[in-house]
Amino acid sequence: MFCRIIAGALPSRRAYEDDRAVAFADIKPAAPVHLVIAPRQHLASLADLEEEDAELAGHLVWVAAKLGRDLCPGGWRLVANVGEEGGQTVGHLHLHLLGGRQLGTLG
Ligand code: 5GP
């Protein structure tokens, strides 16, 4: 489904895009700023990352840092849910950028 959002076949509120990555507003935001950052290339999850994907993974983190700096000057959280037990519901690798309010401690 994210493949269709990334391709523009499904509408989304985009915060950033380039030739490798797209960042768009989560449809069910968990914080005032809640962006999904996904690669255009289809990878099912972080668990599928191979060594040759390391540069792409770094690029996704850079996109998160750029957006976080711009949109959440007080700080932000970067989350990747991986697999069923990790709470992943969409099978296309993505990061969640959360911010715009005080976030609680983990656990
Ligand atoms: P996951 O649970 O896989 O880590 O994250 C999937 C996220 O995608 C969820 O936070 C969910 O709200 C969001 N999401 C699911 N469907 C859509 C959609 O059609 N559009 C947008 N913008 N976000 C979606």
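**View 1. The ligand and its shell of 15 residues.** Of the 15 residues around the ligand, the closest are Ala 25, Asp 26, Asn 81, Thr 89 and His 96; a residue counts as near when one of its heavy atoms lies within 4 Å. This is a predicted model, in which local features need pLDDT of at least 70 and side-chain atom pairs pLDDT 80 or more, while totals for chains, interfaces and linings use all residues. Residues are numbered from 1 along each chain as its sequence is written, and side-chain values use heavy atoms, without hydrogens and water. The shell divides into 7 nonpolar, 6 polar and 2 charged residues (Ala, Val, Leu, Ile, Met, Phe, Trp, Tyr, Cys and Pro are nonpolar; Asp, Glu, Lys and Arg are charged; the others, Gly among them, are polar).

**View 2. Ligand atoms beside Ile 27, Gly 87 and His 96.** Have a look at the backbone: an N or O atom of Ile 27 lies 3.2 Å from a ligand nitrogen, and one of Gly 87 lies 3.2 Å from a ligand oxygen. From the side chain of His 96, an N or O atom is 2.8 Å from an oxygen atom of the ligand. The protein covers 83% of the 520 Å² of accessible area that the ligand has on its own (Shrake-Rupley method, 1.4 Å probe).

**View 3. Helix H1 and strand E2 at the ligand.** Helix H1 (2-7) and strand E2 (21-25) each give the shell at least two residues. Helices (H or I, at least four residues) and strands (E, at least two) are DSSP runs, numbered from the N terminus. Along the sequence, the chain's pattern reads α-β-β-β-α-β-β, with 2 helices and 5 strands.

Conventions. Polar contact = N/O pair within 3.5 Å; in protein donor to acceptor, adjacent residues only side chain to side chain.
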